[in-house]
Amino acid sequence: MELRSILATDCGSTTTKAILIEKIDGEYRLSVRGEAPTTVEAPFEDVTKGVLNAVMEVEELAGRKLLDGDNIITPRNDEEGVDIYISTSSAGGGLQMMVAGVVKGMTGESAERAALGAGSIVMDVLASNDGRKPHEKITRIRQLRPDMILLSGGIDGGTTKHVVELAEILAAANPKPRLGQNYKLPVIYAGNKNAADKIEETLGEITDLDLTENIRPVLEMENLKPSRDKIHDLFMEHVMQQAPGYKKLMSWTDAPIMPTPGAVGALIEMVAEKENISVVGVDIGGATTDIFSVFQKQFNRTVSANLGMSYSICNVLAESGLKNVLRWVPFDIDEKELTNRIGNKMIRPTTVPQSLEELVIEQAIAREALRLSFIQHKSFAVNLKGVQKERTISDAFEQTDSGESLVDMMELDLMVGSGGVLSHAPRREQSARMLIDSFLPEGITQLAVDSIFMMPQLGVMANIEKEELAEDARNAAIEVFEKDCLIRLGTCLAPVGNAKPGATVLMAELKLPNGDIQKHEIKYGDIIRIEVPYEPVKATLTPGKGMDIGAGKNELIETTIYGGVVGIIFDGRGRPMEIPSDPKQRISDLSKWSDAVDEYPDLEGQGLE
Amino acid sequence: MAHAYTPGLKVLHETKIDKERRLPLKGTVSVEKGKVVTPDDIVAKTDLPGNVQMVNVANQLNIDAEDVNDAMIAKEGTAVKKGEMIAETKGLFGLFKTNVTAPVDGTIEVISDTTGQVVIREAPIPVEIDAYMSGSIKEVIPEEGVVIESEGVFIQGIFGIGGESRGELEVIVDSREDEITEELLTTELTGKIIVGGSFISLKAYKKAIQLNIAGIVVGGFNYFDLEDILGYTLGVAITGSEDLITSLIVTEGYGKIRMGSQTFDLLKEHHGKFASINGATQIRAGVIRPEIVIPLTKDQLKGDHKDADASEGIQAGSLVRVIRAPYFGRMGKVVNLPSELKKMESETMVRVAVIEIDGENVEIPRANLEMVETD
């Protein structure tokens, strides 16, 4: 069957978003989108109502019939309906899991990676060596009431004692699921296969136990996919069944409903693979910040559960400290007054910044939320720990350990931002600056934002398993991702190293699409923006003394870079970047950087004489 | 930014109030439908499974896990007392025996011959749920709890800390602009729920706790002072389980903000009556705001009801409160609601409402307005 029209929804905790993708003149494009409030909670308690409302908006905008009463018309018949309907969901708090492994840094971490990769929030990682006494672990399990537990531990053929001990702790806690009093908690066992019988004996009766392949069959290898797939199955079979209206929604969709972050991750993984690039994706929401990355072909996802822009905005303040937030604010402000303002945003999370001053403060906090989330991501996206490396004599002098971060900013090709504060910033220049300041890309990095957060729907599209649909759906997902989902901001060029103020850190010769040749000299501490659309620009980049733009210290690069709605941004602030601690100098520098990209053109030099 | 609408906080003179009182686990409901209850009456109870202690008998006796069953004196299902011997090795010719004693009173639940662990479960923990407010039982949820129905005053705050509390309502300031100061707090207020105007300082709040005042309802409090009371920085607004003598309900927000006149006048009208309050707040999907409930008797009711759930959207003429700078805390009347998007000073494009504040018309993003819902 040729796919001509796809309807996809994402049921978020507050909004349900619907998009309609159609094949027009041989190309898949986003044709219209609509949204409506999510209806999982009282008084509606039926997610399908919000879905229908969002689809109704799509129907009106598309000008053709998609609904027949309370049903989505599939498959399409002539001008009515769509070929397939698919959905993701994060309503009702998403998927919340607890994971357990014998050694926290090894099987515990592998289990955490599997759960996060499947799109779950990990409430806690239990491990034999986590320092807590058995009764403390038991109390914790009881308090948390997860949707599901993933239990792992031991390599195949290794000792079974520790993982059975963990199972005994789970059994003693007799955990109850978060939703629904009348069903057993789903537990996935993905540990030493030799312990499977004992695990069955211990947990088989009191939980809904499912066995799958060991997550860490040998020390040197992780085998996450079976667990991730199992999590998705159980998410559909158990957790979704308890959420109001989902049984109906599941009967409508042509592919299993995926947890929203799981779908986003799947898309990013696919894009990285197809283009053979390293990617970082970030979604900053009201309560959480999700970061996805693919480096050295390895996918990782982290959720910073309490770093967000509204519900958990005060936690950003608490974790980063007021000083770190204030270092991004180019004017003086009373600190107590500022904390009360941030507190008020937390208790009234849906408000928007009306004054410019409020916007600047919000974007300062966003920088810190992103920076902290990325620190967490870098420490999690690591090589497998516990793997013994063969060492040569020269290695023996280098004290590099296993567990090194995979994140290498110099290697990064594309960074995609999404979430209100990045996608809907009044100026794209602001989004670009927030991404650059918080992630500090090195060398040459393309920047983009997902304008309307379409990645979840595209992710589930790319993962359709039905053979007759899979290829078309995958192509559609990639085409729409490239043409309609991403807004290309441009490219950031950031030489690595430090220099004296005023020293040249980069010389650039750019051959623009219209044939013009521009030469730029970037001094240490400066930002320069060149307005160029998303078109190829031939660039010859010569780093200043001791600086590196990607090919090594002092090494020249000839390459093709792309502009975008913001353009090409030269960031000469060096890496690592320092912000002056002297308030006067700080405000002056911040204002200079803002002016360079036209970030806040109307902001008067408040606080400056 | 996505357009969203903050439903107004309720300030209702007279309404039907339903309260669900549910057990954390299944148990017994001790009242029947129609029964009249007072706040302290127990409506349902259950036993939570007792705490668990794990003893590694194999390690302590230095034997293999598979031999643990043989060494156990107390078998699965046996009740044991703290200090009682539960396992012993055979020793050498009956000598040099080592043993393990129970660390707590409880029952032997599991003896594992894989890990050598023994699980001892302590006695169940009884949990009782009271009625919280006066009223009558509207519905019994078998084995789980009840719904209590009452009529009276229902007011929501914006944020609170501390859980349920109750007591006689006492308005201790003259105007909604006044702060609660330390001097205003005396031993006569012990056990009462006090109402202030615009602000309570950290010092005054601490004194209230010392005096065992049951609860405080006030316009504002400083965000940075919360840490002093809670012992940690409040990162997300999910509260209610704090162990506080004095629950706090803030009606307007952080900072010094005079209490809304509707709220203040209504509380003043009911000075001296018995109120139930709950500081529990959850600002996430499924929002919970702190509340003040004053059940009224039949002769106190005037009969001009409004359903607590009937929320209307903002319309021309609605009374609204601005909930973000630059007009934060100000009240005004909606003049009109233009449908086109407007550009704010921040350059954010939003739907606005034109509001009359002190005789002047100003444009405010609709997302920054809160409906003041009165009856």
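In the predicted model, R529(A) counts as buried because 20 C-beta neighbours lie inside 10 Å, and a residue is taken as buried if 20 or more other C-beta atoms lie within that distance of its own. R529(A) is found in strand β21 of chain A. When residues up to four places away in sequence are left aside, R529(A) touches V566(A), G567(A), I569(A), A596(A) and V597(A). One of these partners, G567(A), stands 38 residues from R529(A) along the chain, while the C-alpha atoms of the two residues are separated by 6.6 Å.

The strand that carries R529(A) belongs to an open sheet of eight strands in chain A, arranged in the order β15-β14-β13-β16-β17-β18-β24-β21 with mixed pairing. The edges of this sheet are formed by β15 (298–304) and β21 (527–530) of chain A, each of which pairs on one side only. On average, and with direction ignored, neighbouring strands of the sheet are turned by 20° against each other. Within the sheet, strand β13 (residues 279–284) and strand β14 (residues 289–295) of chain A pair in the antiparallel sense, with six bridges between them; V282(A), for example, has I291(A) in β14(A) as its bridge partner.

At the level of domains, chain A is divided into domain 1 (5–91), domain 2 (94–249) and domain 3, the last of which comprises two segments, 281–382 and 405–597. The C-alpha centres of domain 1 and domain 3 of chain A lie 32 Å apart, and 13 residues of domain 1 of chain A are in contact with 14 residues of domain 3 of chain A. On the side of domain 1 of chain A that touches domain 3 of chain A, at least two residues are supplied by each of the strands β1 (5–11), β2 (15–24), β3 (27–37) and β6 (84–89) of chain A, and the largest share, five residues, comes from β3(A). By class, this side of domain 1 of chain A has eight nonpolar, one polar and four charged residues.

Chain B is likewise described by a division into three parts, namely domain 1 (52–121), domain 2 (158–289) and domain 3 (319–374). For domain 1 and domain 3 of chain B, the C-alpha centres lie 70 Å apart.

Definitions and conventions:
Residues are numbered from 1 along each chain as its sequence is written. Chains are lettered from A and ligands numbered from 1 in the order in which they are written. This is a predicted model: local features need pLDDT of at least 70, side-chain atom pairs count only at pLDDT 80 or more; totals for chains, interfaces and linings use all residues. Two strands pair if DSSP finds at least two bridges between them. Helices (H or I, at least four residues) and strands (E, at least two) are DSSP runs, numbered from the N terminus. Axes are lines fitted to C-alpha atoms, for helices over the stretch in contact, and angles run from 0 to 180 degrees between N-to-C directions. A residue is buried if 20 or more other C-beta atoms lie within 10 Å of its own, exposed if 12 or fewer, and partly exposed in between; C-beta atoms are placed from the backbone. Two residues are in contact if their C-beta atoms, placed from the backbone, lie within 7 Å. Domain bounds come from an automatic or database domain assignment. Ala, Val, Leu, Ile, Met, Phe, Trp, Tyr, Cys and Pro count as nonpolar, Asp, Glu, Lys and Arg as charged, and the others, Gly among them, as polar.
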